[in-house]
Amino acid sequence: MRIKKFWVVTRPNAASTPGDICFETDAKGLALQFKGGLDPESIHAVYTARPEAEMEAGRILAAFEKYDAALKEGIK
């Protein structure tokens with residue numbers, strides 16, 4: 001099977017939106033992302049199907065937001 005395009009899901013941060021952490025690319029585009037500063041360690045997963053990637057991006061973003069809120073609540 002030849003994979004022309006794929007979906008990358010990266011780890012979120014406090015300012016992340018679903019569009020920030022889930023994007024479609026190809027091998028050349030991913031190489032450019034690395035040259036532009038994307039840390040390979042920040043990649044959470046790679047998918048061949050958009051729905052699966054978007055579902056995972058939503059899941060990890062929600063988990064991060066819940067964790068971040070709990071941390072902020074604990075600081076008060």
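**Close-up views of salt bridges in helix H3**

**View 1. The pair formed by Arg59 and Glu56.** In this predicted model, the side chains of Arg59 and Glu56 come together in a salt bridge, with 2.7 Å from N to O. Both residues belong to helix H3, where Arg59 and Glu56 are three residues apart, about one turn of the helix. The two partners can be described by their accessibility: Arg59 counts as partly exposed because its relative accessibility is 48%, whereas Glu56, with a relative accessible area of 14%, is buried, since buried means under 20%. Side chains of opposite charge can pair when their charged atoms come close.

**View 2. The pair formed by Glu54 and Arg50.** A salt bridge joins the side chains of Glu54 and Arg50, again given from N to O, at 2.7 Å. These residues lie in helix H3, which covers residues 50-75, and Glu54 and Arg50 are four residues apart in it, about one turn of the helix. Glu54 has a relative accessibility of 38% and therefore counts as partly exposed, and Arg50, at 47% relative accessibility, also counts as partly exposed.

**View 3. The pair formed by Lys72 and Asp68.** Here the side chains of Lys72 and Asp68 meet in a salt bridge, with an N to O value of 3.2 Å. Lys72 and Asp68 are both found in helix H3, four residues apart, which is about one turn of the helix. Lys72 counts as partly exposed, at a relative accessibility of 49%, while Asp68 is buried because its relative accessible area is 18%, and the cut-off for buried is under 20%.

**View 4. The setting of these pairs in the whole protein.** The count of salt bridges in the model comes to three. The protein as a whole has three helices and three strands, and these elements follow the pattern β-α-β-α-β-α when read along the sequence. Its C-alpha trace spans about 50 × 25 × 15 Å along the principal axes, and 32% of the 76 residues count as buried. Among the contacts with a separation of 6 or more, 55% are made by residues 24 or more positions apart. The protein exposes about 5,600 Å², of which carbon and sulfur atoms supply 57%. As for charge, the protein carries 11 positive and 11 negative charges, and the mean positions of these two sets are 6 Å apart.

Note on methods
Residues are numbered from 1 along each chain as its sequence is written. This is a predicted model: local features need pLDDT of at least 70, side-chain atom pairs count only at pLDDT 80 or more; totals for chains, interfaces and linings use all residues. Side-chain values use heavy atoms; hydrogens and water are left out. Helices (H or I, at least four residues) and strands (E, at least two) are DSSP runs, numbered from the N terminus. Buried means under 20% relative accessible area, exposed over 50%, partly exposed in between (1.4 Å probe, protein chains only). Contact means heavy atoms within 4.5 Å. Accessible areas come from the Shrake-Rupley method with a 1.4 Å probe; for residues, only the protein chains shown count as cover. Lys and Arg count as positive and Asp and Glu as negative; His and the chain ends are not counted. The place of a charge is taken as NZ of Lys, CZ of Arg, CG of Asp or CD of Glu. A salt bridge is a side-chain nitrogen of Lys or Arg within 4 Å of a carboxyl oxygen of Asp or Glu.
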